[in-house]
Amino acid sequence: MLEIKNVKVEIGSKSILYDISLALKENEVMVLFGPNGSGKSTLIKAIMGFSGYEIAGGIINFNGKELNSLSIDERVQLGIGIMYQHPPKIRGVRLRQLAGFLSKDKDEIESLAEKLSLQEHLDREINLGFSGGEMKRAELFQLILQKPRLLLLDEPESGVDIENISIMGKVLSAYLKEYRAQALIITHTGYILDYVDGNKSCVMVDGHISCSGKPREIFKFIQENGYDKCRECKCPVSS
Ligand code: ADP
Ligand code: MG
């Protein structure tokens with residue numbers, strides 16, 4: 001279970017997140033909406049423990065352990081994994097080599113690569129010259145090989161066409177069900193909702209959670225009214 005209690009995050013001396021509280025149980029999926037610059041990626045990076053994203057107040061707990069003072073690798077050991085919005089290119093390291101570090105099961109690597117249409121890309125240097133779709137599929141591949149208990153997905157559909165979203169959505173959905181994993185998913189387009197049934201969702205505006213409710217209802221409200229109404233918290237589906 002992920003519990004975020006009254007968390008404040010600062011970058012340098014600038015406050016980015018104010019008093020964020022949310023909770024996620026086993027097998028629950030939370031969808032996070034919000035306009036650009038509202039602090040969504042900052043929240044995910046603070047959960048993961050990226051340097052520079054300082055938790056200036058409050059507590060983040062995962063399965064009963066306080067994360068605040070743990071390093072990224074300790075958080076990964078606890079079962080937390082991230083799919084980057086903008087994955088880095090890694091010259092000199094091939095996708096197959098990294099996969100081999102993440103899983104010793106060659107059959108699992110081959111079968112997941114096939115499901116994600118990555119067979120032809122396994123011997124390429126990570127993300128070098130990859131298309132948007134290939135890069136995101138490779139990210140999901142690496143994440144799933146880690147067998148995370150909590151998946152942090154930062155705009156998994158950005159730069160990805162409908163066909164690739166379908167491939168990724170099916171693999172993600174099957175993983176979440178099989179491993180009863182939790183996920184926090186940031187989305188702008190909402191396409192991922194066609195594959196992953198979110199249990200709850202909330203909207204982040206200007207570093208605050210402004211309202212929460214069912215993912216599809218909130219998404220429809222945002223599509224019809226824009227984020228301004230969320231800013232005023234006039235959302236009728238708020239709960
Ligand atoms: P979102 O993901 O909702 O678009 P972010 O969390 O990326 O928003 O950014 C929230 C705010 O924090 C923005 O004003 C952004 O410029 C600022 N910010 C994020 N990362 C950094 C950083 N490394 N250094 C300085 N400011 C940052
Ligand atoms: Mg972002």
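This note covers the nonpolar cores and one helix pair in a predicted model.

1. Start with the largest nonpolar core, which has 33 residues. Seven residues touch the most other members: Leu116, Leu140, Phe141, Leu151, Leu172, Leu176 and Ile185.

2. Which elements give two or more residues to this core? Four are helices: H3 (95-102), H4 (106-115), H5 (132-145) and H6 (162-179). The strands are E9 (150-154) and E10 (182-186). Helix H5 gives the most, with seven residues.

3. Look next at Leu116. Leaving aside residues up to four places away in sequence, Leu116 touches Arg137, Leu140 and Phe141. It also touches Ile167, Met168 and Val171. Leu140 and Phe141 are, like Leu116, among the core residues that touch the most other members.

4. A second core lies apart from the largest one. This other core has 29 residues, including Leu22, Ile44, Met48 and Phe50.

5. Now the helix pair. Two packed helices are described by the angle and the distance between their axes. For H3 and H5 the angle is about 20°, and the axes are 9 Å apart. Angles under 35 degrees count as roughly parallel, so H3 is roughly parallel to H5. The crossing of H3 past H5 is right-handed.

6. Which residues make this contact? From H3 come Leu95, Leu98, Ala99 and Leu102. From H5 come Ala138, Phe141, Gln142 and Leu145. By class, seven of the contact residues are nonpolar, one is polar and none is charged. Phe141 thus appears in two places: in the contact of H3 with H5, and among the residues that touch the most other members of the largest core.

Note on methods
Residues numbered from 1 in each chain as written. Chains lettered and ligands numbered in written order. Predicted model: local features only at pLDDT ≥ 70, side-chain atom pairs only at ≥ 80, totals over all residues. Heavy atoms only, no water. Core = buried A, V, L, I, M, F, W, Y, C linked by side-chain atoms within 4.5 Å. Buried < 20%, exposed > 50% of the residue type's maximum accessible area, 1.4 Å probe, protein only. Contact = heavy atoms within 4.5 Å. Axes fitted to C-alpha atoms, helices over the stretch in contact; angles between N-to-C directions. Parallel < 35°, antiparallel > 145°, perpendicular 65-115°, else oblique. Left-handed = near helix turned anticlockwise from the far one by under 90°. Nonpolar A, V, L, I, M, F, W, Y, C, P; charged D, E, K, R; others polar.
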